[in-house]
Amino acid sequence: MCHEFFNDSSFYHFLFQVDLDIASKVQQQPCQHCGGYLHSARYPRKPRGPRHCLTNDYDTRLSFCCAEEGCRRRTTPPSVRFLGRKVYLGVVIILITALNHGLSHQRRQRLFDQLEINPQTFYRWLRWWRETFSASRCWQSVRGLFMPPLNSIQLPGELLGRFTGCDLQQRLCQFLQLLLPLSGTSWSGYLGVAVDPQKR
Ligand SMILES: [Zn+2]
């Protein structure tokens, strides 16, 4: 069910397009510190996961630098690809941890091997959902929308199942959209971007 996500380069291309869209919306706004113009200043990333599906667009994080002398502050837009400083892509972290219970031991081990995930990393992700994410302002501000309430031990699998998207791909995109505030952004504001693979 989920291995196709680790072989579908068009899905990763779609996520890159969403990031471009988000970044262009951010660049249309002035620098949030001084009102100056924002210039492109991508910085290198080396995401792990399905490397064979990723083009070199994944070797950088979209980011901007203020053009104003004396400010030059960096503005990094939210991203549906990168989950802050985590080296694995957000979609990998969601899928591997959400489908945890649905995978046989051998199946999980094969995915770990394919994606070069070690078990310690996997358990660290589970803890991240249950401790860091569940206490985050991002989750606290939306958890009331999910009825019946979800407790932290049900994260992220139950949450993925609660999204209304018509297929796993669409639900994943809804999940990634919810995680935008945790994507390592230094920009705050309203983004009128719908992350909907049905409209690509
Ligand atoms: Zn500035």
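Helices (H or I, at least four residues) and strands (E, at least two) are taken as DSSP runs and numbered from the N terminus. On this basis the predicted model contains seven helices and five strands. Along the sequence, the elements follow the order α-β-β-β-β-β-α-α-α-α-α-α.

The overall dimensions were examined next. The C-alpha trace extends over about 55 × 40 × 35 Å along its principal axes. The radius of gyration is 17 Å, which agrees with the value near 16 Å expected for a compact globule of 200 residues. Of these 200 residues, 27% count as buried. Among contacts with a sequence separation of 6 or more, 68% are accounted for by residues 24 or more positions apart.

The buried nonpolar residues form cores, of which the largest comprises 32 residues. Within this core, Val91, Val92, Ile93, Ile94, Leu95, Leu172 and Leu176 have the most contacts. At least two residues of the core are supplied by each of α1 (9-27), α2, α4 and α7 (168-178). Another core, of five residues, lies apart from the largest one and includes Cys31, Leu38, Phe64 and Cys66. Valine 92, one of the residues with the most contacts inside the largest core, is in contact with Gly49 and Leu115 when neighbours within four places in sequence are left aside.

The packing of α2 against α4 was considered in terms of axis geometry. Two packed helices are described by the angle between their axes and by the distance between those axes. The axes of α2 (residues 90-98) and α4 (residues 119-135) come within 10 Å and cross at roughly 90°. Angles of 65 to 115 degrees count as roughly perpendicular, and α2 and α4 are therefore roughly perpendicular to each other. On the α2 side the contact is made by Ile93, Ile96 and Thr97, and on the α4 side by Phe122, Trp125, Leu126 and Trp129. By class, the residues of this contact comprise six nonpolar, one polar and no charged.

A further site of interest is alanine 67, located in the loop between β4 (64-66) and β5 (74-75). A residue is partly exposed when its count of other C-beta atoms within 10 Å falls between the limits of 12 or fewer for exposed and 20 or more for buried. Alanine 67 has 14 such atoms and is therefore partly exposed. Residues up to four places away in sequence not being counted, alanine 67 touches Gly36, Tyr37 and His39. The C-alpha atoms of alanine 67 and cysteine 31 are separated by 8.8 Å, although these residues are 36 residues apart along the chain. Cysteine 31 is itself among the members of the five-residue core.

How values were computed. Residues numbered from 1 in each chain as written. Predicted model: local features only at pLDDT ≥ 70, side-chain atom pairs only at ≥ 80, totals over all residues. Axes fitted to C-alpha atoms, helices over the stretch in contact; angles between N-to-C directions. Parallel < 35°, antiparallel > 145°, perpendicular 65-115°, else oblique. Contact = placed C-beta atoms within 7 Å. Nonpolar A, V, L, I, M, F, W, Y, C, P; charged D, E, K, R; others polar. Core = buried A, V, L, I, M, F, W, Y, C linked by C-beta atoms within 7 Å. Rg over C-alpha atoms; globule rule 2.2 N^0.38 Å.
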